[in-house]
Amino acid sequence: MARTYQDATGRWAGVGPYYAMFPVTFADYVVRRYTHPGEIVLDPFAGRGTAVFSAATLNRSAIGIEINPVGYVYAKTKLSPAKQEEVECRIDELGGHADQFKDEAAHMPHFFHRCYSHRVRRFLLAARSNLNWRRDRVDRTVMALLLVYLHGKSGEALSNQMRQTKSMSPQYAVRWWDEHDLDPPDIDPVAFIKSRLVWRYAKGIPEASNSRMYLGNSIAILGRLRQLIAKGKLSKANLLFTSPPYHAVTNYHYDQWIRLWLLGGPPNALSNGKGGGKFGSREGYRQLLENVFIRAARVLEDDATVYVRTDSRQFTYRTTLAILRDVFPDKHLTKVHRPMLKPSQTALFGKANTPSEKNGEVDLILMAQ
Ligand SMILES: C[S@@+](CC[C@H](N)C(=O)[O-])C[C@H]1O[C@@H](n2cnc3c(N)ncnc32)[C@H](O)[C@@H]1O
């Protein structure tokens, strides 16, 4: 059954905008089809946590790992959002701190002056400096909601008009606003963000089963999970359900630079952030996949299913297929090609959108024989 906005899980599932995210209905389908209630789903490239959220809200447990803090904040928040009253209170507090950031707001790089009004800049600086999103659930929830509304269509976000999913480059954005004569909206950030809580919380908060979300590199974290299993503190997973980054397609750091700035990162777009840049080196990409899948195999039950969605472009597809075959030689492999039939994220960014092997996806499903 598809999720609807008539219950809390339907309203929280969409947090937040992230490049190459799974559709929620697809994640729900895979979780239901390949696991039983009570079983454990592992996603070592969790992104905004779509697979993790599906599992956790369908009476399974989930373990997610994500190296990009933006995806992590969304995923961790969805599994356990703070109460609406606490979030409102914290937003008011931040509003109270905003005055302390007057001078800093006046001296930000030009991009920020064209993107946000002065009072929005002060508020964002207060949020950036005060929210302890790594440790505190209320602060993380406020941060997740700020990230959702940080940029987007006019009237639906804190910024001057911009795409919601992908941060534009500062030079491009400023030129575009100049050409279209657009100024940042002078909105009250406290009232704006609080107004957005009403819909999100109207049906309550999702009830997620015991699940974990880690921030960091899967290569290291899967090693720690293995130790927990050896000590009897964690059970092995029954489904590995993931979508690795595609080779040379997306730069998860560059494409999220404004959100990463709010989380404490630099005030400009860097193309070689910690998330592996665009995974442009073929050998680096191959090693990443190999290292992660080898380590993931060690924390899976012998009869676990492996479900990997990847890009159908030749290098990514062949590399992923070869590594999965090597790591799981005893499992039976099924391939499902999914040509891109609908307008895709890629199409939005100016690439061709004709259904073809070149811009579709492939699901690789490996099951115990
Ligand atoms: C295709 S996206 C996954 C999207 C996800 N299925 C969703 O629904 O949001 C791949 C993710 O892998 C993450 N990633 C890349 N290298 C990683 C690593 N070494 N450890 C953990 N995550 C990594 C990227 O930051 C990116 O968010």
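In this predicted model, glutamate 66 stands opposite leucine 215, a residue of strand 3. This pair is a good place to begin, and the strand around it can be followed from there. Strand 2 and strand 3 (residues 212-215) run parallel and are joined by 4 bridges.

Strand 2 has a partner in strand 1 as well. Here, too, 4 bridges are found, and strand 1 (residues 40-43) runs parallel to strand 2. Within this pairing, aspartate 43 has glycine 64 of strand 2 as its bridge partner. To get from strand 1 to strand 2, the chain passes through helix 3 (residues 50-57), and the resulting β-α-β crossover is right-handed.

How many residues of strand 2 are buried? The count is 6 of the 6 residues in the run 61-66, so strand 2 is largely enclosed by the rest of the structure. Looking at the two faces separately gives the detail: Ser61, Ile63 and Ile65 are buried on one side, while Ala62, Gly64 and Glu66 are buried on the other. Glu66, met above opposite leucine 215, thus belongs to a covered face.

Strand 2 appears again around the ligand. The ligand is surrounded by 23 residues, and the closest are Met21, Phe45, Gly47, Thr50 and Ser218. Two elements, strand 2 and helix 12 (218-230), give two or more residues to this shell. By character, the shell residues divide into 12 nonpolar, 9 polar and 2 charged.

Attention now turns to the nonpolar interior. In soluble globular proteins, nonpolar side chains tend to be buried together. The largest nonpolar core of this model holds 97 residues, and those touching the most other members are Val41, Val52, Leu146, Leu147, Ala237 and Leu262. Helix 9 (residues 137-148) supplies the largest share of this core, with 7 residues. Where does the core lie with respect to domain 1 and domain 2? Residues come from both domain 1 (9-79 + 217-251 + 281-368) and domain 2 (84-201), so the core lies between them.

One last residue, alanine 8, is found in helix 1 (residues 8-12). Is alanine 8 buried or partly exposed? A residue counts as buried when 20 or more other C-beta atoms lie within 10 Å of its own, and as exposed when there are 12 or fewer. Alanine 8 has 19 such atoms within 10 Å, so alanine 8 is partly exposed. Although alanine 8 and alanine 202 are 194 residues apart along the chain, their C-alpha atoms are separated by 7.7 Å.

Methods: Residues numbered from 1 in each chain as written. Predicted model: local features only at pLDDT ≥ 70, side-chain atom pairs only at ≥ 80, totals over all residues. Pairing = 2+ DSSP bridges. Right-handed = clockwise from strand over helix to strand, strands pointing away. Near = placed C-beta within 6 Å. Nonpolar A, V, L, I, M, F, W, Y, C, P; charged D, E, K, R; others polar. Core = buried A, V, L, I, M, F, W, Y, C linked by C-beta atoms within 7 Å. Domains from an automatic or database assignment.
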